[in-house]
Amino acid sequence: MPGRMNVFTSDILNAGDLMKNNYFQVILEPPSNSPVYSLMESILGSTEGFYIRAKTVDLPSKSFDTLETNYMGSKLVMPGKVTMDGQTSITFDEFQDMKISRFIHEWMNLIYNGGYADDVSVANGALTGGAISNSLLSYSCPIKITIYDSTKKNKLPYEYRLMFCFPSEMATAGLDHNGGDKVTRQVTFKYSTWEMINATDN
């Protein structure tokens with residue numbers, strides 16, 4: 001190590017600005033023949049209707065169990081089973097059109113619709129008292145997290161793609177006669193695996 005190296009003379013200057021945690025988009029990527037795609041188009045109008053309302057998201061994680069072996073008083077630790085499934089929470093601003101609340105509600109109704117007679121899904125001809133879909137591929141889709149540079153024009157080199165995502169929980173949103181804050185909806189999505197991919201300009 002050079003004895004006089006500091007932050008102003010190191011290669012860190014070539015790394016660009018620090019990555020900012022508020023320059024990102026969360027994009028749904030359902031296939032065009034998916035019920036999730038149909039809901040997105042009919043309720044939100046487009047993919048943009050989803051990601052412009054997303055305000056926070058958690059990046060995915062990976063972890064390993066460990067295996068151990070011992071010999072003559074020494075312990076050797078090796079990686080065991082990998083865990084790449086998990087969950088990510090996305091917080092949305094809710095507007096007076098209530099599109100996020102309806103979109104997530106109807107998406108969850110693909111998994112189980114507990115409505116009786118007047119649920120918004122019933123108006124669309126959906127069955128009640130059970131699952132509308134019988135296939136993971138029908139009620140899940142990839143979610144891509146794209147991060148941008150300081151100009152907010154160019155993608156950073158890598159993106160995250162979470163696979164087989166579906167909403168597992170929509171948290172409560174408190175209303176308050178004495179309050180004056182905006183309403184947000186926090187939705188937890190489960191995923192089976194994820195990958196870090198090269199970003200493209202498509």
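This note comments on the nonpolar core, one strand within it, and the aromatic contacts of the structure above.

1. The model is predicted, and the points below should be read with that in mind. Its largest nonpolar core has 31 residues, and those with the most contacts inside that core are V26, L28, F50, I90, F103, W107 and F189. Helices and strands both contribute: α1 (35–44) and α3 (99–111), together with β1 (24–28), β2 (54–57), β5 (86–93), β6 (141–147), β7 (158–170) and β8 (184–191), each supply at least two residues of this core.

2. Strand β1 deserves separate comment. Four of the five residues of β1 are buried, so the strand is largely enclosed by the rest of the structure. β1 runs antiparallel to β6, and five bridges join these two strands; I27, for instance, has K144 in β6 as its bridge partner.

3. L28 is among the core residues with the most contacts, and its neighbours can be listed individually. Leaving aside residues up to four places away in sequence, L28 touches M40, T47, F50, F103, W107, C141, P142 and I143. Three of these partners, namely F50, F103 and W107, also belong to one aromatic cluster, which is completed by F92 and F189.

4. The aromatic pairs number six in total. One of them joins F50 and F92 in an edge-to-face arrangement, with 5.2 Å from centre to centre and 65° between the planes. This pair links distant parts of the chain, given that F50 lies in helix α2 (residues 48–51) and F92 in strand β5, 42 residues apart. Both F50 and F92 are buried.

5. What is the geometry of the pair formed by F103 and W107? The ring centres of F103 and W107 are 5.5 Å apart and the planes stand at 50°, so this pair is tilted. Because F103 and W107 are four residues apart in helix α3, about one helical turn separates them. F103 has a relative accessible area of 0% and is therefore buried, and W107 is likewise buried, with a relative accessible area of 0%.

6. A further contact of a ring involves a charge. The charged end of K62 sits over the ring of W194, at 5.9 Å from the ring centre. As the cut-off for this kind of contact is 6 Å from the ring centre, a reader may wish to look at K62 and W194 directly in the model.

Conventions
Residues are numbered from 1 along each chain as its sequence is written. This is a predicted model: local features need pLDDT of at least 70, side-chain atom pairs count only at pLDDT 80 or more; totals for chains, interfaces and linings use all residues. Side-chain values use heavy atoms; hydrogens and water are left out. A nonpolar core is a set of buried Ala, Val, Leu, Ile, Met, Phe, Trp, Tyr and Cys residues joined through side-chain atoms within 4.5 Å. Buried means under 20% relative accessible area, exposed over 50%, partly exposed in between (1.4 Å probe, protein chains only). Contact means heavy atoms within 4.5 Å. Two strands pair if DSSP finds at least two bridges between them. Rings of Phe, Tyr and Trp (its six-membered ring) pair if their centres lie within 6.5 Å; planes under 30 degrees apart count as stacked, over 60 as edge-to-face and the rest as tilted. A charge sits over a ring if NZ of Lys or CZ of Arg is within 6 Å of the ring centre and within 35 degrees of the ring normal.
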